[in-house]
Amino acid sequence: MNPTSRALTFLCGLLLLVATASFAWADGKIIAPRGYKGSLEESAQEAILIFHSSAEAGEATEDLILKIQLTGHPEQFAWVIPFPREPRIAKEDPVLFRELFDYVETRLRSMHKSKGAKLDAAEARPEAVPGVEVLSRKVVGSYDTAVVREKAAGALNAWLEQEGFQTLDDAEDVIGFYRQKGYVFACIKVSAEQVEKERPIESHPLRFSFKTGGRDGIFYPMKMTGLQTAPFNVNLYIFYRAWINDGLNRYGYVHRGFRLHYRDWDTRECKPNAGKTWSAPAVDPFLRGMAGRIPAVTGLFQKLHPGERYYLTNIQANGLKPADVREWADDLWVFPYYTDRAFTPYDARPGGPSAASARGVRLD
């Protein structure tokens with residue numbers, strides 16, 4: 001496949017969750033309740049990103065679906081996740097991740113063998129904390145969610161303390177980074193009955209739909225994870241109408257420690273550079289052989305983006321060190337595969353939402 005070039009063109013989200021498990025998907029800093037002494041950190045992150053670029057600045061949109069699993073045995077914890085704009089939050093099916101894993105691994109095995117190839121929710125009355133604006137509170141599936149914006153240094157910690165959670169110590173560099181950018185934080189609380197000890201459990205994923213604030217940058221929050229101590233892995237399924245820049249220039253994801261695991265391609269039967277019809281795989285020449293194995297994924301695209309076409313790109317990173325991620329100039333931003341190596345993505349230009357994303361990146 002040879003995608004076209006130039007033509008291809010929160011308020012802080014705080015998730016209050018209650019769960020026990022061996023993995024945590026999605027970026028954020030997990031915070032235990034006051035008095036909790038056990039371990040509670042992310043060992044892995046997994047997410048589905050569906051991105052739509054825009055010809056107009058500030059109008060690009062993204063659906064970010066996060067798989068939630070955690071390490072530790074608290075009865076409650078807080079999970080702080082930043083977003084560029086206030087997201088809409090909804091429940092999704094955990095089967096999505098199993099289907100995509102199966103899809104990718106089946107494709108990879110095939111390539112090896114061939115050697116080629118709406119949720120209504122009641123609003124809750126927000127509690128007042130000076131310097132914190134609670135934009136919304138509602139129930140989404142198993143979670144009690146809140147979306148807040150910090151307006152003054154230290155206010156988010158005061159809000160966390162009021163909610164009964166530990167504060168984020170020595171974190172003003174990260175929290176202040178998001179406050180200055182006007183980001184928001186999302187919040188989710190899960191009932192204590194869902195906690196199981198001594199073995200991992202899995203809660204349903206959450207979908208955050210939001211504007212990225214730009215045109216062509218695909219956003220994934222990571223700097224908050226820099227506040228923990230344990231290394232972690234990341235597995236991202238990215239849906240976009242073209243391929244994603246890997247190492248074409250300094251804006252490729254390989255310079256952030258990610259590697260390509262899999263991406264869709266065009267066969268002779270496919271319309272070149274047109275993506276795949278994930279909302280109707282049975283009639284897509286590339287997907288039809290797998291249509292019976294991805295019903296949940298099909299339903300997701302039928303619900304959100306019927307008729308739209310995408311290539312799936314699966315990228316991964318292993319053993320990322322939190323201290324290194326904390327030093328990043330920005331979160332993870334990935335960009336379309338512009339075939340002109342000298343082309344600077346719109347959002348990475350001065351004044352763009354990801355202008356700092358390539359700062360300090362050294363090319364091999």
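Begin by selecting Glu 150, which at 5% relative accessibility counts as buried, and keep in mind while looking around it that the model is predicted. With Glu 150 still displayed, add Arg 179 to the selection: the two residues form a salt bridge in which the closest N and O atoms are 2.7 Å apart. Colouring by secondary structure helps at this stop, because Glu 150 belongs to strand E8 (residues 143–150) whereas Arg 179 belongs to helix H3 (residues 172–181), so the pair ties together parts that are 29 residues apart in sequence.

Keep Arg 179 in view and select Glu 172 next, since these two residues also form a salt bridge, with the closest N and O atoms 2.4 Å apart. Is this second acidic partner, Glu 172, buried or exposed, or does it lie in between? Glu 172 has a relative accessible area of 37% and is therefore partly exposed, whereas Glu 150, at 5%, is buried because the cut-off for that class is under 20%.

Now move to another group and select Glu 92, Arg 207 and Lys 303, which are joined into one network by salt bridges that share partners. Within this group, centre the view on the side chains of Glu 92 and Arg 207, which meet in a salt bridge with an N to O distance of 2.6 Å. Glu 92 counts as buried at 7% relative accessibility, and Arg 207, with a relative accessible area of 11%, is buried as well.

To finish, widen the selection to the whole model, where the count comes to 14 salt bridges, among them the pairs Glu 150 with Arg 179 and Glu 92 with Arg 207.

Conventions: Residues are numbered from 1 along each chain as its sequence is written. This is a predicted model: local features need pLDDT of at least 70, side-chain atom pairs count only at pLDDT 80 or more; totals for chains, interfaces and linings use all residues. Side-chain values use heavy atoms; hydrogens and water are left out. A salt bridge is a side-chain nitrogen of Lys or Arg within 4 Å of a carboxyl oxygen of Asp or Glu. Buried means under 20% relative accessible area, exposed over 50%, partly exposed in between (1.4 Å probe, protein chains only). Helices (H or I, at least four residues) and strands (E, at least two) are DSSP runs, numbered from the N terminus.
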